[in-house]
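Q: I'm new to this one. Can you walk me through its sheets?
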Amino acid sequence: MSAPLTGIRVVDFTRVLAGPLCAQTLLELGAEVIKVEPPGGDLSRRAFPREAEISGYYAQQNAGKRNVSIDLNAPGAREIALRLCDRADVIVESFRPGTLPSFGLDYDTVSARNPRVVYASISGYGQHGAWRSRSAYAPTIQAETGITAITMDQFGAPGGRPRTDSLSHADVYTGLHAAVAVLAALDHRDRTGEGQYIDVAMAAVMLSVNERLHVDLSGQDLGAEAPILGASDCPFFVGPEGATFVSPMSLVGSMSFPFYLAAMRRADLADDPRFRTPEARREHLDELHAIVQEWIWTFDDMASLDVQFDEAKIATGQLRTVDEFADSQWVRQWTAIRSVPDRNGGRITVPGPPWHFSAAGEPGSPERVPARQGEHNEGVLRELGFDEGEIGSLRRRGALVEPGRSLVESGRSDDNGRERANDPGRAHTEERSPDKANRHTVPRTRRSANSHETSSERS
């Protein structure tokens, strides 16, 4: 029994969220993923809560990936990266556009050596155009693309202070859309033998997942009428047993109001002057809500209420915390949550895969272990054909970052044995370059494509 992507090898040059989530999705589908980490480590390793160098954030996006940590500024490191790419079916990267070409690891160079490779680049605004070099994080992309304005319009700004969403929708959706694109490209390769390049822009993703974009761009003023099906006007009620629940059906909208009349057997309310139009229902919303609420309390329990709601095609969802939902019977039956080792004697709770494949065995297996930085350096390099002497030479040159010798230490030695600061500015993978201090220094010039060395760095 095997998962759908068994036999596919992914090289993951990403960090933080969008790119790692894309690669993690492919891993959950059965692919082998090798994460390539910079000397400073994935920024998410420093998130809280954490045990030693394994944070919950890092574990959730990276558990199960093998880990190679290299310094692309060190002699020989580029050859490691090229050999990884030579054997890859898929490459995922989230550098600032233009960074990888400076190391000779761009799609054109890699595909000349590996024509079947599927190469996905994730960035804020894509690889071309005036905005290509702009830094981008989920909150900035959500602000630029109108999502934050929609949220503020819906919920307001307490105390007059603008607020953005607490979840990184732009990163998560972009990671998933990148995974979808990779799967499509792999299917195309199976049919034609050709790999290809995929350019994924977070800003474009957020437009594509905005199901009400057509409303926002229509120029129409619908007044009190609910423009679409969705969560914009969902009422909350208290159930017969005291639990709060939400209904997806607006009490105001002309499409949804009749559903409540059917559930309550109250067709007479359609002729009530207070409720004849959306504008009237909006004006008298508290009264209408009270009528429905009193009807709900005529039931003995939520199960019997749900039967009548279900007959009228109205769904309900109890308001729960994440802890409460995680403790539900459904989560346990589905294996929707699992735990992974924290590498310090404890466990970290993370999501399980959101799908079950009949040919893939038990969901949630095998166990996913979050790797220490550089934990698989030697094993992977041996698979790539490096012998013991070459691996030792790469260590002496500083090309390999070994377990425990990452940003959590105060420094590391250069080729001459002197201690030097392990500056996060040397990190070569970046999730859309947060700032200059976290950018990787790139070579002014390069030697030939077969060189094991990079030339001098610029700050």
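**Sheets and helices**

A: Start with a three-stranded open sheet: its order is β9-β10-β11, and its pairing is antiparallel. Keep in mind that this is a predicted model.

Q: Which strands stand at the edges there?

A: β9 (236–238) and β11 (317–318). Each has a single partner strand, so one side of each has no neighbour in the sheet.

Q: How many bridges join β10 to β11?

A: Two. Strand β10 covers residues 244–246, and the two strands run antiparallel.

Q: What is the bridge partner of F245 in β11?

A: Q318.

Q: OK, switching topic. What about the sheet with six strands?

A: That sheet is open too, with parallel pairing. The order is β5-β2-β1-β6-β7-β8. Its edge strands are β5 (66–69) and β8 (196–201), each pairing on one side only. From one strand to the next, the twist averages 20 degrees.

Q: And how do β1 and β6 pair, parallel or antiparallel?

A: Parallel, over four bridges. β1 spans residues 9–13 and β6 spans residues 90–93.

Q: Which residue in β6 is the bridge partner of F13?

A: E93.

Q: Now helices. Which strands does α1 lie across?

A: Helix α1 (residues 18–28) lies across β1, β2 (32–37), β6 and β7 (118–123). Its direction is at about 165 degrees to β1.

Q: Then where does α7 lie?

A: Across β6, β7 and β8. Helix α7 takes in residues 169–192 and runs at about 165 degrees to β8.

Key. Residues numbered from 1 in each chain as written. Predicted model: local features only at pLDDT ≥ 70, side-chain atom pairs only at ≥ 80, totals over all residues. Heavy atoms only, no water. Pairing = 2+ DSSP bridges. Axes fitted to C-alpha atoms, helices over the stretch in contact; angles between N-to-C directions. Contact = heavy atoms within 4.5 Å.
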